[in-house]
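Here are a few worked exercises to try with the model open beside you. Have a go at each task before you read its solution.

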Amino acid sequence: MNFCVKCGRDCAESLEGMCVSCWLDGRKLSTMPHHVDLKVCANCGEFCFNERWYGMKVEDAVAKAAQSAIRIIEGAEVVDGDILVSKKDPFVYEVTLQSVLDIMGYVTTDTASVIVRIKKGVCKPCSRKLGSYYTSILQIRAGSKDLSPELRNEVLTAVEKSVAKQAENNKQLFITKTELVTGGVDVYLSSISLGKSLMKQLGETYCAETKESPKLVGQTADGQDMYRLTYLVRLPEYHVGDVVISGGRYCKLLRISSYGGRALDLFDFREKAVRKADIPSLKLYEKAGNLKEATVISRSGREIQIMHPDNYSAVDLKVPEGYEAPDTVHVVPIDDVLYLVP
Ligand SMILES: [Zn+2]
Ligand SMILES: [Zn+2]
C-alpha cells in the first residue's frame, strides 16, 4: 500500500507519489488553443487538412479541425468522448470536446473548447481550373467535311462521361474548356495521360485516325523541358447508323471499332462482319440523320406498304424476317428504288 505525499491517505495507485485525486487537483487534462483556422475552397467547398482536400459536411470538418487541435495530458488516454458543435456565424464555430480519460485505470472526464474559424482559400485543382491550366488538347475533327452538331455532341458527351469517371478518384483530372473551332472541337485537359486515354478511347469507338504531337512550351523550375501534347482524333465520315457501301453492297453500319465492324445488307438483310482491313475502304452513302421517313400504310409478312416520302405513291418494301414495323420507318433510295433501313 502506498500513501499520498500530499494528503497522507493510503491509496492503491500512486502517481508521482500522490493519490489520483491529489495528482488531478489543479491539472488541466485536455487543453485547446483559443482558436484554429480551417481552410475551405471557395470554389468547390472542400476542406483542407494537412495539405490535402476533402469533401465533407461543414459540421464534420469543424469537428475534425477541433479534434486535431486538442492536447491531452501525458499519461492519459482518451477512451470516449462527445463533441458539441455550435455555429456562431457561417464562418465561426465553437466546438466543445468532452473527453473521457483513463489515467492508470482511473477514469475521469474533462471538457475543453475552441473557436474554429473558417477561412476561404482555393484548392490546387480549382486554382488550376480557374487559371485555365491545361497540359493537353484533344482535337476532334471529322473526315472531310465539318463535324456535324449531332456527332459532336455525341463525342463530347462520351468525353465528359469518361473524364467524370476518371476524376472520381483523381480531382486533378478535368476539362479546362471546350472550344468550337473550324472543322471540329478542341477539348483542353488538365493532364497528358487523360488526353492520351481519350484519344485511344475515341479511336477505338469510332475507328478514328489518331495522332499525337508534343510541343515544347518551356521549362519547369528545375530545368526540365515542359511539353504540351496535342491529341488529334479524326473521325471517319461514316458512323454507326449510316448507310455505307461495303464491297459494292449497300449496308447499314451497325457497329464499328478499330478491330472491325458489323453491317446489315439492305438488299437481303443479312448481317455481316466488316474486317479491320476493309474498314478504310468503306464509303459513306447516306448519313443516318439524312435518311427519309416514310409512313407505314400496311403490313403483311415479309413486306410492308409505305407512302413514298417524295411523291406519296404507295410502295412495297421487303422487310427482314420477324420485323415489326413501327408507324414510320427510315428508307433510302438506291438507283431510284426505295429500301428499308431497319
Ligand atoms: Zn492525496
Ligand atoms: Zn476547390
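**Exercise 1: the faces of a helix**

In α4, a DSSP run (helices are H or I, at least four residues; strands are E, at least two; both numbered from the N terminus), the residues Val155, Val159 and Val163 are buried. That means 20 or more other C-beta atoms within 10 Å of their own, against 12 or fewer for exposed and in between for partly exposed, with C-beta atoms placed from the backbone.

A word on conventions: this is a predicted model, where local features need pLDDT of at least 70, side-chain atom pairs count only at pLDDT 80 or more, and totals for chains, interfaces and linings use all residues. Residues are numbered from 1 along each chain as its sequence is written, while chains are lettered from A and ligands numbered from 1 in the order in which they are written.

Task: work out how the buried residues of α4 are arranged around its axis, and what they pack against.

Solution.
- Step 1: look down the axis of α4. Its buried residues fall within an arc of 70 degrees (taken from the directions from the helix axis to the C-beta atoms), so they line one face.
- Step 2: turn to the face pointing away from the buried side, where you'll find exposed residues including Pro149, Glu150, Lys161 and Lys165.
- Step 3: find the partners. The buried residues of α4 pack against β11 (136-142), β12 (175-181), β13 (184-189) and α5 (192-206).

**Exercise 2: the core**

Task: find which residues touch the most other members of the largest nonpolar core, and which domains the core lies between.

Solution.
- Step 1: this core (buried Ala, Val, Leu, Ile, Met, Phe, Trp, Tyr and Cys residues joined through C-beta atoms within 7 Å) has 42 residues, and Leu138 and Val233 touch the most other members.
- Step 2: α5 gives the most to it, with five residues.
- Step 3: domain 2 (132-234) and domain 3 (291-342) both contribute, so the core lies between them. The domain bounds come from an automatic or database assignment.

**Exercise 3: two positive phi values**

Task: for Cys207 and Asp336, decide which is buried and which is exposed.

Solution.
- Step 1: Cys207, in the loop between α5 and β14 (209-219), has phi near 55 degrees. Asp336, in the loop between β24 (328-334) and β25 (337-340), has a positive phi of about 65 degrees.
- Step 2: count neighbours. Cys207 has 23 C-beta neighbours inside 10 Å, so it's buried; Asp336 has 5, so it's exposed.

How values were computed:
Contact = placed C-beta atoms within 7 Å.
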